[in-house]
Structure formats: structure tokens, C-alpha cells
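User: I am new to this structure. Please take me through its cores and its sheets.

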Amino acid sequence: MPAAEVAVASGIPEQVLLDKFALRGKHIASSDEHVSDMSVRACETLLAEAGVDPETIDVVMYFGSMWKDYAVWQAAPWIAHRLGAVNAYAVEYDNVSCGTPVALRLARDMLVAEPELRNVLLVGACRESYLLDYENERSRFMFNFGDGAAATLLVKDGTRNELLGSHGITDGSLSLHVKVARGGSVHMNDGYPFLDVEDGAGMKAQLDQASLRNFARAAEGALERSSLGLGDVSFLCALHMKRSMHVALCESLGIDLGRAEVLDDTGHMSGVDTLLSLDRAARSGRVRDGDVVLLLAAGTGYTWAASVVRWGPLA
């Protein structure tokens, strides 16, 4: 869905979408393509490239969007079954846009805590473009939402790409601001069926004061747990955000804009962004052996989260 089509649907000028939203376009799932389908495709590609037999997977963890094939349902068991991961324990960690850094943290903790586990297959997907009402101006900051999936395999005692520390910060006072009202026990059948924003001005005021500070706190916390500092960061993989925020974030962290991935052709895909950014940066050669990569995200609720990866062969 190119920016021109988003402009027609939303009434936001195309140039504003390009300049301010950092959105040249975004990908939209087909009407019969669900998060489980995208997750399976991402996992199949990963396992084939890595030469890994699905039967050797110990844990399959879904960490993607909470809006899945069915309202009250777990995607992870269905994904594991379709992959042929017959020996895997299925774990559901469905979340919002802070998904990747937190999922990496949880998976690493599982591997450390349980000696018998050898690996965890993590996969997240998003199909939230279908939750947008382009006539609702309260939700316009979400008009960049697109669809996609990403997967990674976390291996105990692996030979390259070490996952280091993680850190997160939550401000629960913002937890009711962004939601789909319909489908839960408060409004089972009568709520607004699209993403909506309650008190957008109040949320913006709080986030304007807190976001950069909490992004920095999450980053610094993850780096401290990795025995590193901001000066050690070689590359930033952050979630998709408006251009001014992206620039301000890089400046506040002391990271060159050229060393940060921008998903301006995909838009925002909930918890998928940071992992997709890392995949793109690595495949293009922008992330090189020896680089320290900061994965940084934030999600409504509101949680800011970071994880650190040292790219390349382990010593």
C-alpha cells in the first residue's frame, strides 16, 4: 500500500506521510493470510536457511500481535504443529510493539534457567493494518501500521551472534489509552472494533515528556547489563516511528543516523519491527562482525524495552 493510497484513505497529504511519518508505503496481508500463516512462512525460511530440523526445536515462542486468527486462542501450538516441531513446547507471549526485545529476554532466561533446553524458536507477526479506521483522526498516528512477520532461533552455546543484556521500563498509567474495545469482557460484542485512542492529547503530552528519556533508560539499562555503554553501540535497530522522533532518538543516544535502520517501505508491524530491522541490516552488510547492535522498541501499555546483540563469531 504505497503512501499515495494511504493519503487517499486517510486525508493526510502524501508529502506529510513521506516527510513526517517516514512512510513510503507498507505491506498488507491478504484477507485470508493470518498471523499464524505469516509466522509459519518466516519460520520455514529461517529453518531452511539454517539447516535445522524442526524436530530438534525445544521451544516455539509466539511473541507477535495479540490480534490473531481467533480472539481467544493460542497461535504457538498451531505454528509448531504446522512446522513439524513435534518435540517443541509451545509458549505464547503475544504482545504489542515492544515484542522483540522482551521476547529475546524471556527466551534467554528460559535457556539459562533450564539446562536441558538447547534452543528456542521465536516468531512474531502482525496483521494490524486491518484494525485501522482511516476516518478516525484520534488514531492517525497508527496509520503507518502494516503487516509482516519475523523469526529467529536462539541457541544455547551457539557459535555466533551473542545475545547480551536486556532491560525494560513500564508506565502503566498509559495502559488504557490505546485499545480495541470490542471482544474483551468489558465490551464483548458492542465496542468499537478498530484501534482507538482515549485522550490522545493527554497521551501525547505524557509521551512527549517521557519517551526519549525512557528509550534512553531502557538502552542504558540493557547496555549496563552487557558491561557496555552507549559509546560501544555500532548499530541501532528500532521500531518504525515518525521521522522527527527517529532523528531525536539517534541524537539522544549519540548514534549516527546512517547506522540506524529505517523501515520506511514497511511501516510499523507491532513487535516485528526490530527483528526485521536486524535481518535487513545483516543481509545488506550494514551490520558487520564485531558490531554491537541495540534493539530498541516501545509498546502501548506503555513499555520501553531494549536488548543488545554482539554480531559475529563468538571468541
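Analyst: The turns below deal with the nonpolar cores and then with the sheets of this predicted model.

User: Which helix gives the most residues to the largest nonpolar core, and how many?

Analyst: This core has 47 residues, and those touching the most other members include F215, L236 and L294. At least two residues each come from α1 (3–10), α6 (200–225), β8 (235–238), α7 (243–253), β9 (292–299) and β10 (303–313). The element that gives the most is α6, with 8 residues.

User: Which residues does L249 contact, leaving aside its neighbours within four places in sequence?

Analyst: L249 is among the members of the largest core that touch the most others. A contact here means heavy atoms within 4.5 Å. With neighbours within four places in sequence left out, the contacts of L249 are L212, F215, L236, A238, M241 and L296.

User: How many residues are in the second, separate core?

Analyst: Nonpolar side chains in soluble globular proteins tend to be buried together. Here a second core stands separate from the one just described, and F63, A103, L111 and C126 are among its members. Its size is 35 residues.

User: In the sheet with the order β2-β1-β3-β4, which strands stand at the edges?

Analyst: This sheet is open, has 4 strands and shows mixed pairing. From one strand to the next, the twist averages 15°. A strand with a single partner has one side without a neighbour in the sheet, so the edges are held by β2 (89–92) and β4 (147–155).

User: What is the bridge partner of M61 in β3?

Analyst: Strand β1 covers residues 59–62 and strand β3 covers residues 119–127. The two pair in the parallel sense over 4 bridges. In β3, M61 has as its bridge partner L122.

User: What is the average turn between neighbouring strands in the sheet with the order β5-β10-β9-β8?

Analyst: This is an open sheet of 4 strands with mixed pairing. Its edge strands, β5 (160–170) and β8, each pair on one side only. With direction ignored, neighbouring strands are turned against each other on average by 20°.

User: Do β5 and β10 pair in the parallel or antiparallel sense?

Analyst: The two strands are joined over 8 bridges. In one of the pairs, L163 has V309 of β10 as its bridge partner. The sense of the pairing is antiparallel.

User: What angle does the direction of helix α5 make with that of β5?

Analyst: Helix α5 covers residues 99–113 and packs on the sheet. The strands touched by α5 are β5, β9 and β10. Between the directions of α5 and β5 the angle is about 115°.

Key. Residues numbered from 1 in each chain as written. Predicted model: local features only at pLDDT ≥ 70, side-chain atom pairs only at ≥ 80, totals over all residues. Heavy atoms only, no water. Core = buried A, V, L, I, M, F, W, Y, C linked by side-chain atoms within 4.5 Å. Buried < 20%, exposed > 50% of the residue type's maximum accessible area, 1.4 Å probe, protein only. Pairing = 2+ DSSP bridges. Axes fitted to C-alpha atoms, helices over the stretch in contact; angles between N-to-C directions.
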